[in-house]
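Reader: I'd like to go through this one with you, chain by chain. Can you put it up?

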Amino acid sequence: MHNLTIAELIKGLQSKEFSSVELTQHFLDRIGSLNPAYNAVITVTAEQALKAAAEADARLAAGNAPALCGVPILHKDIFCTNGVRTSCGSKMLDNFIPPYNATVVENFEQAGAVVLGKTNMDEFAMGSSNETSFYGPVKNPWAPDCVPGGSSGGSAAAVAARLAPGATATDTGGSIRQPAALCGISGIKPTYGRVSRWGMVAFASSLDQGGPMARTAEDCALLLNCMASYDDKDSTCIDREVPDYTATLDGSVKGLRIGVPSEYFSEGLDAGIEKAVRAALANLEAQGAELVEISLPNSSLSVPAYYVIAPAEASANLSRFDGSRYGYRCENPKDLQDMYSRSRSEGFGKEVQRRILIGTYCLSAGYYDAYYGRAQQVRKLIQQDFDRAFESVDLIMGPTCPSPAFKFGAKSDDPVAMYLEDIYTVATNLAGLPGMSIPCGMADNKPVGLQIIGNYFDEARMLNVAHQYQQATDWHDLAPEGVAS
Amino acid sequence: MNIERQEIEKLATLARIAIDDSTISEVSQRLSSVLDLVDQLQAVNTEGVEAMSHPMQATQRLREDEVTEINQREAFQAIAPETKDGLFLVPKVIE
């Protein structure tokens, strides 16, 4: 059952081939036996899952089942779950049991999905390797000595290892697309404002966006149907109708204009990745799409702008964690200042502290204009690059990351090397555009991701092209050794 | 770029993060390397470019000034480190 896609699982559940309880138990058993090797899941909610599965079976029997009724999923541990620990990968929130559900969690509950548990992640979503988690790193199912990517590395590894058919994730600078690429699965970061951020622990509020991960584009469409919604409680959510993303999957790619930015194929790109991505583009061209060479001249500025804006917003967002109302408080504080500073230095890991300090620096008196103000202007330049490109193309494609999954420790001592992992992904967050990654080959025996960037609210077209590509290829069907059996 | 010890201490105070004396030079070195990266921004001509804070130029929505949330003090305080009589307790501030 674990090799079936969500689309197939829905059919199987509705035709009573298997029950949700059987399916849920099957995935819980897999998590029990396989997860110790991957560390992808950090909380298992077996009892609640089986209860929800039994309820789903009753609704399926009664014939009034909602879209994802009985389908097991995992939530990234950044989404607040009522009564279930939401750690955000941090010691700071190791004891945090939210008294409410995030809107995304609520949406999946309404759709009848069964939550198996919560997935590991880089602390406060700050990382590209999952090495910053308080709960230890996640291992890449394709190469256990390599990172799964981050920050949604737990969700990506869990889907790749078939511990769940789909999972929620978030993306601030590439945290859905990069781990999806490194773990050989599909994932989409929707347009900023498409998915509610309410109850999603904030990292950089003007960049954060939730989205789904699954093995296929069709499954991503099914999950996004449920995940995307307008929410009064998120003031940056955009009030716009959510289309049925599965309705347009079958359209032909004939005549589609795909922009290929020269900047995304320059120095620093692994040769094996380039080869796989070029082959994917040739496949789409053979299906009738037209490849158009384009330029995004300010691309090289996206990482510097991102590493001002994201830490600046993080330093403000994370000021709420001070040991007063919830989360970690240090032992025996001698006064209020001591409680604040020791709770924060003991509760936050090194990378989180580093980003808070950088953000504080960029926002401090005398530096604001030179850093934050300027980064926001550069952000505008990057958006204008995309605006110009979309005047002549429908989608933009290139590699998701510059190299395949790297070994643990390879970049953890050098923050700048780690930050450059995001070189092809951060620009879309800065511009607020939707981005997706789908598997398109192998390099060094590890998966390669093809990145698809769409215009604002053009998720349906991205999913359509991704689905058409997956109809013609089988990279998305490959499984890491020992996982499919 | 090099950040002085004094500056790190000031940042630590502003950010309310205790930094152990023995790690200051390491912290300084790592922050400096990140600042070297972001300093590329200084070379960009941004004259007349409008700063961007939201991709869709959305503005804050307004709503009627009415109560929409119920009081959940007990639920919220159940997860607090220390409370008393419905208040969050912190170390004594005023003698």
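Reader: How many helices and strands does chain B have?

Author: Chain B has three helices and two strands. Helices here are DSSP runs of H or I with at least four residues, strands are runs of E with at least two, and both are numbered from the N terminus. The order in chain B, from the N terminus on, is α-α-α-β-β. Bear in mind that this is a predicted model, where local features need pLDDT of at least 70, side-chain atom pairs count only at pLDDT 80 or more, and totals for chains, interfaces and linings use all residues. Residues are numbered from 1 along each chain as its sequence is written, and chains are lettered from A and ligands numbered from 1 in the order in which they are written.

Reader: What radius of gyration does chain B have?

Author: Chain B has 22 Å, whereas a compact globule of 95 residues would have a value near 12 Å. The radius is taken over C-alpha atoms, and the globule rule is 2.2 Å times the number of residues to the power 0.38. Along the principal axes, the C-alpha atoms of chain B fill a box of roughly 55 × 45 × 25 Å.

Reader: And how much of chain B is buried?

Author: Of its 95 residues, 14% count as buried. Buried means 20 or more other C-beta atoms within 10 Å of the residue's own, exposed means 12 or fewer, and partly exposed is in between, with C-beta atoms placed from the backbone.

Reader: Same questions for chain A. What is its radius of gyration?

Author: Chain A has 21 Å, which agrees with the value near 23 Å for a compact globule of 485 residues. Its C-alpha trace spans about 65 × 55 × 45 Å along the principal axes, and buried residues make up 63% of the chain. The secondary structure of chain A comes to 15 helices and 11 strands.

Reader: How many residues does each chain put into the contact?

Author: Chain A gives 55 residues and chain B gives 38. Two residues are in contact if their C-beta atoms, placed from the backbone, lie within 7 Å.

Reader: Which helix of chain A gives the most to that side?

Author: Helix 12 of chain A, with 12 residues. By class, the side of chain A that touches chain B has 28 nonpolar, 17 polar and 10 charged residues. Nonpolar covers Ala, Val, Leu, Ile, Met, Phe, Trp, Tyr, Cys and Pro; charged covers Asp, Glu, Lys and Arg; the others, Gly among them, are polar.

Reader: Now the core. Which residues touch the most other members of the largest nonpolar core?

Author: A:Leu116, A:Ala158, A:Val308, A:Leu395 and A:Leu463, out of 164 residues. Helix 9 of chain A supplies the largest share, nine residues. A core of this kind is a set of buried Ala, Val, Leu, Ile, Met, Phe, Trp, Tyr and Cys residues joined through C-beta atoms within 7 Å.

Reader: What does A:Leu116 touch?

Author: Not counting residues up to four places away in sequence, its contacts include A:Phe27, A:Ile31, A:Val44, A:Ile73 and A:Ala164.

Reader: A:Leu463 sits in helix 15, doesn't it? At what angle do helix 7 and helix 15 of chain A pack?

Author: About 150°, with the axes 8 Å apart. Axes are lines fitted to C-alpha atoms, for helices over the stretch in contact, and angles run from 0 to 180 degrees between N-to-C directions. The pair is therefore roughly antiparallel, a label for angles over 145 degrees. A:Leu463 is indeed one of the helix 15 residues in this contact, and A:Leu224 is one of those from helix 7. The residues involved divide into six nonpolar, two polar and two charged.

Reader: Which residues of helix 4 of chain A are buried?

Author: A:Thr103, A:Val104, A:Val105, A:Asn107 and A:Phe108. What covers them includes strand 2, strand 4, strand 6 and helix 7 of chain A. Just after helix 4, A:Gly112 takes a positive phi of about 85°.

Reader: Where is A:Ser196?

Author: In the loop between strand 5 and strand 6 of chain A. A:Ser196 counts as buried because it has 24 C-beta neighbours inside 10 Å. Among its contacts beyond four places in sequence are A:Thr103 and A:Val104, both also on the buried list for helix 4.

Terms used. Parallel < 35°, antiparallel > 145°, perpendicular 65-115°, else oblique.
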